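Colleague: I've got the model open and a pile of labels I'd like you to justify. Can we go through them one by one?

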Amino acid sequence: AHPCAMPDADDDADAASRQRQHVSSSYSAVASKEGSCCVSVSPSLVGYSASDLSLSGVASANLGVGCGTPVRLASLKPEESVLDLGCGAGVDCILAAQEVGEAGTVVGVDMTQDMLAKARENSKHLPNVKYRLGEIEHLPATDGEFDAVISNCVINLSPEKDKVCREMFRVLKPGGRIAISDVVSKTDFMPEHLRTAEALAC
């Protein structure tokens, strides 16, 4: 199932705002080592290779909060432009930069200043990697700017997934592509204890 096919957690604007704020606070804590996500995943279990992990910046950029390797799915080519939704500390941006080369461009978007500061530090040796502050429901990007959009375990956190999907297609060039690693529910049933802002933020 595709993450965009998931129903929104709540159509109420205030509830969406509360969920987004909780996600931001939770991941700021992860970035500053003051907290952790619900699950920390071993890099090898989600597809990162030994050569991936040996790249400069990757060790500190991989916070163990992803659920796959979208760069592998994207089939990136030299000179392409790539947008990473919810880039976190920059691990997938660093890997994407290896694929598109110095003539390509990688842009990471995150809603937390703490994550962006960490990402910029981890990627400072890569001049073609840039970061922008923003929400994935309102991307700080122009129409048709990118060849590919990638995302790693982030869309499930959004309370407005329909907006995320519209934004992805807006910023893609004609013929562009999307590569997503994420978690989905195969049933409409969700226990009450998983419907809280805290649970939805993980």
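Colleague: Let's start with H7. Which strands does H7 lie across, and at what angle does H7 run to E5?

Modeller: Keep in mind that this is a predicted model. H7 lies across E1, E4 and E5, and its angle to E5 is about 135 degrees.

Colleague: Which residues of H7 pack against those strands, and what makes you put them on the same side of the helix?

Modeller: The buried residues of H7 (161-171) are Lys161, Val164, Cys165, Glu167, Met168 and Val171. They cover an arc of only 165 degrees around the axis, so they sit on the same side of H7. Those buried residues pack against E1 (81-85), E4 (146-152) and E5 (172-181). On the other side of H7 you find Arg166 and Phe169, which are exposed.

Colleague: There's a glutamate in that buried list. Why is Glu167 called buried?

Modeller: The cut-off for buried is under 20% relative accessible area. Glu167 has 12%, so Glu167 counts as buried. As for what touches Glu167, leaving aside neighbours within four places in sequence, the contacts are Ile136, Glu137, His138 and Leu139. Glu167 and Asp143 are 24 residues apart in sequence, with 9.0 Å from C-alpha to C-alpha.

Colleague: On to the strands. How are they ordered in the sheet, and what makes E3 and E5 the edge strands?

Modeller: Five strands form an open sheet in the order E3-E2-E1-E4-E5, with parallel pairing. E3 (129-133) and E5 each pair on one side only, and that is what makes them the edge strands. Neighbouring strands are turned by 20 degrees against each other on average, ignoring direction.

Colleague: How do you know that E4 and E5 pair?

Modeller: Pairing takes at least two bridges between the strands. E4 and E5 have six bridges, in the parallel sense. For a spot to look at, Val149 stands opposite Ile178 in E5.

Colleague: Now H5. What makes you say that H5 is largely enclosed by the rest of the structure?

Modeller: Eight of the ten residues of H5 (91-100) are buried, so H5 is largely enclosed. They are Val91, Asp92, Cys93, Ile94, Leu95, Ala96, Ala97 and Val100. H5 lies across E1, E2 (105-110), E3 and E4, and runs at about 165 degrees to E2. After H5 comes Gly101, with a positive phi near 75 degrees.

Colleague: And Gly90, in the loop between E1 and H5: why does Gly90 count as buried?

Modeller: With the cut-off at under 20%, the verdict is easy: Gly90 has 0% relative accessibility, so Gly90 counts as buried. Beyond four places in sequence, Gly90 is in contact with Ala61, Ala119 and Tyr131. Asn62 is 28 residues from Gly90 in sequence, yet their C-alpha atoms are 7.6 Å apart.

Colleague: Which residues touch the most other members of the largest nonpolar core, and which element gives the most to this core?

Modeller: The core has 28 residues, and Leu76, Val106, Val129 and Tyr131 touch the most other members. The elements giving two or more residues are H3, H4, H5, H6 (113-122), E3 and E4. H5 gives the most, with seven residues. Apart from that core lies another one of 17 residues, among them Val149, Cys165, Val171 and Ile180. In soluble globular proteins, nonpolar side chains tend to be buried together.

Colleague: What does Tyr131 touch, leaving aside neighbours within four places in sequence?

Modeller: Tyr131 is in contact with Cys87, Gly90, Cys93, Gly108, Leu116, Ala119, Arg120 and Ser123.

Colleague: One more loop residue. Where does Thr69 lie, and why is Thr69 called buried?

Modeller: Thr69 is in the loop between H3 (58-61) and H4 (70-74). Its relative accessible area is 12%, so Thr69 is buried by the under-20% cut-off. Not counting residues up to four places away in sequence, Thr69 touches Val46, Gly47, Tyr48 and Ser181.

Colleague: And the whole chain: how many helices and strands are there, and what share of the residues count as buried?

Modeller: There are eight helices and five strands, and 49% of the 202 residues count as buried. Among contacts with a separation of 6 or more, 72% join residues 24 or more positions apart. The chain exposes about 9900 Å², with 53% supplied by carbon and sulfur atoms.

How values were computed. Residues numbered from 1 in each chain as written. Predicted model: local features only at pLDDT ≥ 70, side-chain atom pairs only at ≥ 80, totals over all residues. Heavy atoms only, no water. Buried < 20%, exposed > 50% of the residue type's maximum accessible area, 1.4 Å probe, protein only. Helix = DSSP H or I, 4+ residues; strand = E, 2+ residues; numbered from the N terminus. Arc of directions from axis to C-beta. Contact = heavy atoms within 4.5 Å. Areas by Shrake-Rupley, 256 points an atom, 1.4 Å probe, with all protein chains shown as cover. Axes fitted to C-alpha atoms, helices over the stretch in contact; angles between N-to-C directions. Core = buried A, V, L, I, M, F, W, Y, C linked by side-chain atoms within 4.5 Å.
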